[in-house]
Amino acid sequence: MTACPSVLFVCVHNAGRSQMAAGWLRDIAGDRIEVRSAGSAPADSINPAAVAAMAEVGIDISHQSPKILTPESVHASDVVITMGCGDACPIYPGKRYEDWKLADPAGKGVAEVRPVRDEIRARVEELIASLLPQGTSTTSAKN
């Protein structure tokens, strides 16, 4: 792994789960971890309920846009976190893969997205703890 580890979050539409995970990781880890997100079949825009749920905790993901998953983005990442993209996610030797089983927030309201957002935060905190040296704080100023 490089001095600054890189993480790629992948879900089908790159509009909800992967965008929330990327938002949490950027917020909590800052520039200590490089963050990417992509989708196997990207949507046209970010899920408004995901944007609203993240805004409630002070994280703005409204400026993000869904991106297509490419082999280059996988190659450039140390860790690939998949969230329901199944066989569409390419597997390359030497990469660390995790599959996070999370409810899909597509078509759901903010109240239904909040638990997904909070579960993603907990998983991101565990991910950071596994990637950064001991003693590095993993808490955000926006607790």
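Reader: In what order do the elements of the protein run from the N terminus on?

Author: The order is β-α-β-α-α-β-β-α. That comes to four helices and four strands. The model is a predicted one.

Reader: What share of the residues of the protein count as buried?

Author: The protein has 143 residues, and 45% of them count as buried. About 6800 Å² is exposed, with 54% of this area supplied by carbon and sulfur atoms.

Reader: What share of the contacts between residues at least 6 apart in sequence join residues at least 24 apart?

Author: In the protein, 72% of those contacts do.

Reader: How many aromatic pairs are there?

Author: The count is one aromatic pair. The ring centres of F9 and W100 lie 5.8 Å apart, and the limit for a pair is 6.5 Å.

Reader: Why is the pair of F9 and W100 called tilted?

Author: The planes of the two rings stand at 55°. Stacked needs an angle under 30 degrees and edge-to-face one over 60, and the rest count as tilted. The angle of 55° fits neither of those two classes, so the pair of F9 and W100 is tilted.

Reader: What makes F9 and W100 a link between parts of the chain that are apart in sequence?

Author: F9 belongs to strand β1, residues 6-11, while W100 sits in the loop between β4 (96-99) and α4 (110-131). The pair therefore ties together parts 91 residues apart in sequence.

Reader: Are F9 and W100 buried or exposed?

Author: The relative accessibility of F9 is 0%, and the relative accessible area of W100 is 4%. Buried means under 20%, so F9 is buried and so is W100.

Reader: What places S18 among the buried residues?

Author: S18 is in helix α1, residues 17-29. Its relative accessibility is 0%, so S18 counts as buried. Leaving aside residues up to four places away in sequence, S18 touches F9, V10, C11, S37, A38 and M83.

Reader: What makes the approach of S18 to N14 a polar contact?

Author: The side chains of S18 and N14 come to 2.8 Å in this polar contact, and the cut-off is 3.5 Å.

Reader: How many salt bridges are counted?

Author: The count is nine salt bridges. One of them joins R36 and E34, with the closest N and O atoms 2.8 Å apart; the limit is 4 Å. E34 has 38% relative accessibility and counts as partly exposed.

Reader: Why is the contact of R114 with E56 called a salt bridge?

Author: The N to O distance between the side chains of R114 and E56 is 2.7 Å. A salt bridge requires the nitrogen within 4 Å of the carboxyl oxygen, so the pair of R114 and E56 qualifies. This pair links distant parts of the chain, with R114 in helix α4 and E56 in the loop between α2 (48-55) and α3 (71-75), 58 residues apart.

Reader: What are the relative accessible areas of R114 and E56?

Author: R114 has 32% and E56 has 43%. Partly exposed runs from 20% to 50%, so R114 is partly exposed, and E56 is partly exposed too.

Reader: Which residues are linked with R114 and E56 in a network of salt bridges?

Author: R117 and D118 are linked with them in that network. D118 and R117 form a salt bridge with their closest N and O atoms 2.8 Å apart. R117 is buried at 7%, whereas D118 is partly exposed at 40%.

Methods: Residues are numbered from 1 along each chain as its sequence is written. This is a predicted model: local features need pLDDT of at least 70, side-chain atom pairs count only at pLDDT 80 or more; totals for chains, interfaces and linings use all residues. Side-chain values use heavy atoms; hydrogens and water are left out. Rings of Phe, Tyr and Trp (its six-membered ring) pair if their centres lie within 6.5 Å; planes under 30 degrees apart count as stacked, over 60 as edge-to-face and the rest as tilted. Helices (H or I, at least four residues) and strands (E, at least two) are DSSP runs, numbered from the N terminus. Buried means under 20% relative accessible area, exposed over 50%, partly exposed in between (1.4 Å probe, protein chains only). Contact means heavy atoms within 4.5 Å. Accessible areas come from the Shrake-Rupley method with a 1.4 Å probe; for residues, only the protein chains shown count as cover. A polar contact is a pair of N or O atoms within 3.5 Å; within protein, one must be able to donate a hydrogen and the other to accept it, and residues adjacent in sequence count only if both atoms are side-chain atoms.
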